[in-house]
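Visitor: Hi! Could you walk me through this model and how its parts touch one another?

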Amino acid sequence: MKEYTYIGKDVVRIDGLEKISGAAIYGDDIDFGANLLHAELVSSTEAHAIIKSIDISEALKVKGVYKIFTGKDFPYKFGLYMKDRFIFAQDKVRFVGEQIAAVVARNPGAAKRAAALIKVEYEPLPAVLDQMQALADGATLLHPDLENYPHVPWFFPKPGTNIAHWRKTRKGDMKGGFNEADFILEDTYTVPRYAHCAIETHVAIGKFDYSGRLTVWSSSQSPHTQRHLFAEALGLGHKDVRVIAPHVGGGFGGKAGVTMEIIPAALATKLKGYAVKLRYSREQEFINTYQRLGVVAKLKMGVTKEGRITALDHKIYWDAGAYVEYGANVVNAVGLSAIGPYRIDNISIDSVCVYTNLPPGGAYRGFGYSEMLFGLESHVTRVANELGIDQIEFRRKNAIKVGDTTAYGAKMNPNGLLECIDKVVKAIDWGNKPAPTNPNTVIGNGFSLFWKAPAMPPNASSSAFLKFNEDASINLIISGMDIGQGYQTVMAQIAAEILSVPPSKIRVETPDTDRNPYEWQTVASHITWSSGNAVKKAAIDAREQILSLVQRVFNLPLEELYLEDEAVKCTQDPSFNLPLKSFVVDGIMTKDGTFKGGPINARGMFMPEFSSANGDPETSQGGHPNVHYTVGAAALTLEIDKDTGKMRVLKTALAIDAGKALNPDLVRGQITGGMLQGLATVLYEDMRYDSKGKLLNPNFTDYKIPTAMDVPDEIIPIIVEVPQPDGPFGARGIGEHTMLPAAPMVANAVEDALGLRIKSMPITAEKVAMAYLASKKQ
Amino acid sequence: MSIAHEFNYERPQNLHSVLELKDSYRNKAFIYAGGTDLVVNIKEGLVKPELLIDIKDLAELHKLCLDNGTLYIGASVTFTELIDTEFVKQACPMLHDACKTVASTGVRSRATLAGNICSAVPSLDSATPLLCYQAVVHCANTEGVRNIPISEWFLAPRKTAIKDNEMVTGISLKIPKETSTSVYLKLGRYGGEDLAQAGWGIWMNTANQYRIAHCALAPIPSRAALIEALLNGKELSQELIEAAVALIPNEINPITDIRSSKEYRLHVSGVMLKRGLLAAKDRLEGKEIEPAKLLGGIA
Amino acid sequence: MKEISFVLNNEERSVSVEANEVLLDVLREKLGVKSPKCGCERGDCGACTVLLDGKAVRSCLVLAIEVENHRITTVEGISAEKLSALQEAFIQFNAFQCGYCAPGIILAVTELLLQHPHPSLEQIKESMAGNLCRCTGYSPIFDAIMALTKVEQHADAAENVTSQDQHPALPNVEGK
């Protein structure tokens, strides 16, 4: 294997100095001077109601209030994959927290005082607060005019119901598969909603200047997608909309697409000359941004007594919330992949996106796969145990391999799933357990596999510009977002490897859609792969420009020229050494005093041209909707206090096939971070709603995210590298995947320790203790 | 978030001025020390004071001393100061334990014990040592001082015996002369800071006397009189502990809320009482215990 | 509106404030100091941590008007000349991701290191338990601090905090 200089090395992050010295600028840090206005929202207190009237008269009297806007000012629909949302509620509200009006004032205090004085009169409608209720006959319809909503061609809404999209995947002969089975296990698993909890809340500032151009500064994973949706919704040309994305204080999917950013963008168009800022409070962050969707999953799996899976019937009902313009694609993605990383010939998957009167569901790290895997990987362990086959052996036997067909009929990409299993088994010392630390506790081991593909439209693309400076330093101009994962550093490493310039001499800034080239979004764990390919192409373009210039000026054969240590060198002439800084801007002077060449400016682009969403609506067969899957395995050793139910992770190991870990330390960082986020969703996080659809815990006091006290005693990150043929240096994405196995492996460990199967998340100490207590009484 | 509500701020240089202000503003004036509760409540519109009276310039309110068996804690003494003071830990282990479970370091460096008891929430960790050490809350107004036994301090959730022209100047705890010890056990939902799902404080001495208090298990933090009566004078034994645990349903009145179900609170109280009694006994015998780890879940 | 003076990052500053302005907003909006971040506004997340006379406090819960004549230190203050050894360790260990919580955590740990130059893992966890980080899983932060503080020559890891910050006012303690 080729030895790389920068690829595969633990290069120190290039954004470190900025972030650690306090220099990094986030959305709320930008100064806008004296003409900045502040917006505050009026939010629905009803889960489902007709808005009868909005009285703003008292609010207008508050000193400092500039203007007040309501739905009638912005009768535009918008949405990423399905246009089912309005900027402000029109005639109806569909969830508690939905924005109804905005007060714009000179200072945030006045805006807030005035917003509290706006009186909204409602005529309540029956609310549907869970997906099974919404699917029942006679359920109130959230969107009676669903048939008129524009959407992407691969969505299949069912007008006259609350079903916004129904992804069906069928393969083989399911009935035959179950007939062939010696054993069938059928059960239901449930997963509640979750919040992203980036520490930075959403913030966006819109400015519509006197020349009629709109600039939006926003904390975003998707600046180009935002520009596109703003232009579409507000009727502006793309060249007249500019999105500037500063550093993002955590994304996790919550800042993908467009949520609240459209509000200041729209407000700005009616406030010419001013900048208008909307910064969400923590409470607003909890009640009116995308949330992870809730799930009820009904699983039926058939197996032979030798342990071969013969059939899988997987029905997943998603609580997608009041608007599903982004969330429906979560449903779609899982509907194509709900077999997990297994080779199964006979399959039926129904992934059903259901409108409910709760906040809109959307992208959340894992994009539905965590929810799906909780049921599937719990079920797999149970099936293996019922058969009396070791669960690891059962997983090995059924693991999907390169060339096997996926649920939708395409071929599985090269992968190191078996190697991941073996390495985790070894790291966790599977089969052995440490002795409990005291008489009140018991120990359990849990295991889980995971997989996930990027969920993207088939034409999602990335691009890169690269320009050299006089000293041979480089500005790499790209539009993915470093939301913490280390994107900027890894892209710099790719350019560095091709161009022999150290990453510390490469500057990567956060994007500005006016100046940076197109990028679809920083989501789906696709950015290392997709943007990485674009950067690599741009760097190769620059190298070709450099080498062909040197060939032209020095008459050296192109095939003998190469880059090393920031210089052009020649394989046949060791004395030839032309430093890049001598010519990459100024050109090369020839004998007659003329200069050849000029500034090196390069470009690269990547689009997965093999991808297609043209599957059959009834079976999903025929297309190639997923570009590839990233796979892995994980296990943990859990100590449980039988009486309090409190759990402590003694040790956990996670192996992931990164294809090629471009920066291993950053991969390990994703594993430790993702693991803790995943463990929190199973051990204590939980969005709790009352019977009227109001969130009971919209703060960190009662929605608990992990602290330094909640870290597992030992986390063992394991990197496996089976190259992705079309990835940059063989790399594929790993960011979301690191939280996928947490929930099922905890459930499996609890059963291993106590003999109790818990089928609903979260698996809190209380739930474990009460289940154990009940089991003792039986 | 900027604070939408507007108010005035005074920082008097003597106690008399504080009391004069409090007397003229009554419940429109709030005493301001750490502000960790008060500022949140103002931000969220739960209180709307006209005046905040900052007492942090008054040295007499920042007194922390142990004298003749009385531990005196001034109104502006913070949780961090209590935790870091060795004689507090020695004299009143349960108070040390409880203070360590309140919020996190960045909050504890400002939050005061006096402010804490004024919030009078049912889950008040610090109430259990005060109940077991028979604390007295010293209140003052322009007329004079009033010493309120802690047993009469909590009236209802978020309601105390203080009058609207009074302030708390300090809290005294009675430190027994005989050999005794105490422990506080708190159950939260995870390893980090949390409001108690349940809290149990246990005091005992070498003469087999017991004082037991709980929080988050009834409308106000309370002593467990029935259990104390059962235990007093008896050596701890497996049977005795089981008998004490059996009294719990008669002693507490928990509710179901976002943090816990009523059933879990009832169940886990038995576990906590049992482990707490054993831990107190261990401490009395000079053994090191780590209260935070006694309920599991933490390394 | 009242004019107050205090020492901000070793410099005497004056600013006019209303009684209801919190320190976080005044630092950010009126004094141009942006490293303390707003994350929850109610003391739960620690992103707004600053040092007040050497003690880590939540600037979202401190009224600006009361810091008159006190000392406030933010990450800008400890980074002015050169990064502290602690900050260098954060960079070397990739002990941050999005970076939003980093200023608060650095200050919380700086306070710890002023008191305990060689803290145990338990003390490290305790000192930053009130600072939420959603990205890193905390482990790389522990690694950075442990690696730094076990090395003798870096014992003074909080070296950029001035000596005045190291002697916060103590209560009037009389133990017997």
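Guide: Happy to; we can go through the contacts between chains, then the domains of one chain and two buried spots.

Visitor: What should I know before we start?

Guide: This is a predicted model, in which local features need pLDDT of at least 70 and side-chain atom pairs count only at pLDDT 80 or more, while totals for chains, interfaces and linings use all residues. Residues are numbered from 1 along each chain as its sequence is written, chains are lettered from A and ligands numbered from 1 in the order in which they are written, and side-chain values use heavy atoms, with hydrogens and water left out.

Visitor: Thanks. How many residues are in contact between chain A and chain C?

Guide: 51 residues of chain A are in contact with 42 of chain C, where contact means heavy atoms within 4.5 Å. Together the two chains bury about 3800 Å², with 58% of that on carbon and sulfur atoms. Buried area here is the accessible area (1.4 Å probe) that two parts lose on being put together, summed over both.

Visitor: Which three residues of chain A supply the most of that area?

Guide: A:Ile20, A:Ile199 and A:Ala708, which supply 19% of what chain A buries against chain C.

Visitor: And how many salt bridges are there between chain A and chain C?

Guide: Six, counting a side-chain nitrogen of Lys or Arg within 4 Å of a carboxyl oxygen of Asp or Glu. C:Arg134 and A:Glu685 form a salt bridge through their side chains, at 2.7 Å from N to O. On chain A's side, helix H1 (16-20) and helix H15 (664-683) each supply at least two of the residues that touch chain C. H15(A) gives the largest share, eight residues. Helices (H or I, at least four residues) and strands (E, at least two) are DSSP runs, numbered from the N terminus.

Visitor: Switching partners: what does chain C bury with chain B?

Guide: About 3000 Å², 52% of it on carbon and sulfur atoms. In chain C, the residues losing the most area to chain B are C:Asn20, C:Leu61 and C:Glu66, together 20% of what that side buries. The rule finds five salt bridges across this interface. C:Glu126 and B:Arg108 meet in a salt bridge of 2.6 Å, N to O.

Visitor: Where are the domains in chain C?

Guide: Domain 1 covers 2-77 and domain 2 covers 82-154; such bounds come from an automatic or database domain assignment. Their C-alpha centres lie 22 Å apart. Between them, 17 residues of domain 1 of chain C are in contact with 14 of domain 2, and about 1200 Å² is buried, 60% of it from carbon and sulfur atoms. The count of salt bridges between these domains is one. The side chains of C:Glu111 and C:Lys55 meet in a salt bridge at 3.8 Å, N to O.

Visitor: Nice. Is A:Ser531 buried or exposed?

Guide: Buried, with a relative accessible area of 0%. Buried means under 20% relative accessible area, exposed over 50%, and partly exposed in between (1.4 Å probe, protein chains only). A:Ser531 sits in helix H14 (residues 527-554) of chain A. Not counting residues up to four places away in sequence, A:Ser531 touches A:Ser462, A:Tyr487, A:Met491, A:Glu519 and A:His526.

Visitor: Last one: why is helix H5 of chain B largely enclosed by the rest of the structure?

Guide: Because seven of its eight residues (93-100) are buried. Among them are B:Pro93, B:Met94 and B:Cys99.
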